[in-house]
Amino acid sequence: MILFRRYRKVAPTRARVLTEQDYQERGGLIQAPEGLLRFSPGDYLARDAKGEWPIWRRTLERRYRQLTPADEEGFALYQRTDTVWAAALPEAFVIDGMQGKAGDYLVISEEGSWPVDREIFEQTYALMGTETELTPPNQEQAALQDDHPSS
């Protein structure tokens with residue numbers, strides 16, 4: 001068993017809407033730190049110093065609040081409003097087609113599971129004080145989930 005704890009993402013996310021033009025130019029794929037991830041027009045492109053990744057439109061609308069107006073490139077800051085369960089895993093892992101290295105965090109929310117680089121996780125999430133033992137989803141369960149991250 002792995003000890004999962006409850007966390008809240010405290011660092012804002014910089015994101016903009018992905019357009020049909022983005023879809024055509026990128027072939028509906030974004031090279032994220034966790035691997036090649038699919039997106040649809042209307043989803044969001046999140047970007048930071050470590051890379052970029054898609055966020056489903058429904059996730060952003062349900063789980064984030066906009067903090068700033070969009071800038072000239074269309075990016076605005078968003079704050080995640082819910083909490084997640086997470087644990088650093090001792091071995092490399094793959095969840096829903098996304099790759100995590102040994103020591104990276106497996107994050108679990110109501111909308112899915114995804115890996116987060118250990119350094120990024122520890123800089124952007126805060127412990128909420130709750131813990132539980134959970135068995136992380138295995139690859140068979142992961143294959144049944146959607147193939148987008150929800151970070």
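Start your tour by selecting residues 13–17, which make up strand 2, along with residues 44–48, which make up strand 5. In this predicted model, the two strands run antiparallel and are joined by three bridges. To see a point where they face each other, click on valine 17: tyrosine 44 of strand 5 stands opposite.

Keep strand 5 selected and add residues 51–55, which form strand 6. Here you will find another antiparallel pairing, with five bridges between strand 5 and strand 6. Show arginine 47 and glutamate 52 as sticks, since they are a good pair to look at: glutamate 52, in strand 6, is the bridge partner of arginine 47. Now follow the backbone from strand 5 into strand 6, and you pass through a hairpin with two residues in the connection.

Next, move over to strand 7, residues 64–66, and select strand 8, residues 76–80, with it. Three bridges hold this pairing, again in the antiparallel sense. Pick out tyrosine 64 and look for arginine 80 in strand 8, its bridge partner.

Time to put the pieces together. Which order do the five strands follow in the open sheet? Colour them one by one and read across: 6-5-2-8-7, with antiparallel pairing. At the edges sit strand 6 and strand 7, each of which pairs on one side only. Finally, turn the view to look across the sheet and take in its twist, which averages 40 degrees from one strand to the next.

Note on methods:
Residues numbered from 1 in each chain as written. Predicted model: local features only at pLDDT ≥ 70, side-chain atom pairs only at ≥ 80, totals over all residues. Heavy atoms only, no water. Pairing = 2+ DSSP bridges. Helix = DSSP H or I, 4+ residues; strand = E, 2+ residues; numbered from the N terminus. Axes fitted to C-alpha atoms, helices over the stretch in contact; angles between N-to-C directions.
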